[in-house]
Amino acid sequence: MIKGESKTGFKFNINEKFIDWELLEMMAEVDKNPILMISIAKRLLGIKQYNRLKDHCRTKDGRVPFETMGEGILSIIDTSKETEN
């Protein structure tokens, strides 16, 4: 289990079994299809943590901005890489 905290203070746990070839394939395609970032986040975090991340990124008016959510996901991936090594 990889435990970490994103740059914005979101605490997460990632089960290493979900870091596999299919995740790598999705990450390789994300530049061509940015919508894959949603599947990547759900795969890494699971639905409960994914929803917690959305709430963490939510603004006072109830929106979840693209930029904030994307930065949150990338921060988790970067933090996971650092924690793994």
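Trainee: Which residue is the bridge partner of E5 in strand 2?
Mentor: K11 is the partner of E5 in strand 2. Keep in mind that this is a predicted model.

Trainee: What makes strand 1 and strand 2 count as a pair?
Mentor: Two strands pair when there are at least two bridges between them. Strand 1 (residues 2–5) and strand 2 (residues 11–14) have 4 bridges, so they pass that test. Their pairing runs in the antiparallel sense.

Trainee: What lies between these two strands?
Mentor: Strand 1 and strand 2 form a hairpin, with 5 residues between them. In the turn, G9 has a positive phi of about 95°.

Trainee: Which residues of strand 1 sit on the covered face, and which on the uncovered one?
Mentor: I2 and G4 make up the covered face of strand 1, while K3 and E5 make up the uncovered one. In a regular strand, side chains alternate between the two faces of the sheet.

Trainee: Let's move to the helices. Why are helix 1 and helix 2 called roughly antiparallel?
Mentor: The axes of helix 1 (residues 21–29) and helix 2 (residues 36–57) cross at roughly 150°. An angle over 145 degrees counts as roughly antiparallel, so the name fits helix 1 and helix 2. Their axes come within 9 Å, and helix 1 passes helix 2 in a left-handed crossing.

Trainee: Which residues make that contact?
Mentor: Helix 1 contributes E22, L23, M26, M27 and E29, and helix 2 contributes L36, S39, I40, R43 and L44. By kind, the residues of this contact divide into 6 nonpolar, 3 charged and 1 polar.

Trainee: Is Q49 buried or exposed, and how do you know?
Mentor: Buried means under 20% relative accessible area. Q49 is at 12%, so Q49 counts as buried. This residue is found in helix 2. Leaving aside residues up to four places away in sequence, Q49 touches F10, K11, F12 and N13. K11 is also the bridge partner of E5.

Trainee: And S75, buried or exposed?
Mentor: S75 has a relative accessible area of 6%. The limit is under 20%, so S75 is buried. S75 lies in helix 3 (residues 66–84). Again not counting residues up to four places away in sequence, S75 touches S6 and K7.

Trainee: What about G72 in helix 3: buried or exposed?
Mentor: With 5% relative accessibility, G72 counts as buried by that test too.

Trainee: How far apart are G72 and K54?
Mentor: They are 18 residues apart in sequence and 9.1 Å apart in space, C-alpha to C-alpha.

Methods. Residues are numbered from 1 along each chain as its sequence is written. This is a predicted model: local features need pLDDT of at least 70, side-chain atom pairs count only at pLDDT 80 or more; totals for chains, interfaces and linings use all residues. Side-chain values use heavy atoms; hydrogens and water are left out. Axes are lines fitted to C-alpha atoms, for helices over the stretch in contact, and angles run from 0 to 180 degrees between N-to-C directions. Angles under 35 degrees count as roughly parallel, over 145 as roughly antiparallel, 65 to 115 as roughly perpendicular and the rest as oblique. A crossing is left-handed if the near helix is turned anticlockwise from the far one by less than a right angle, and right-handed if clockwise. Contact means heavy atoms within 4.5 Å. Ala, Val, Leu, Ile, Met, Phe, Trp, Tyr, Cys and Pro count as nonpolar, Asp, Glu, Lys and Arg as charged, and the others, Gly among them, as polar. Buried means under 20% relative accessible area, exposed over 50%, partly exposed in between (1.4 Å probe, protein chains only).
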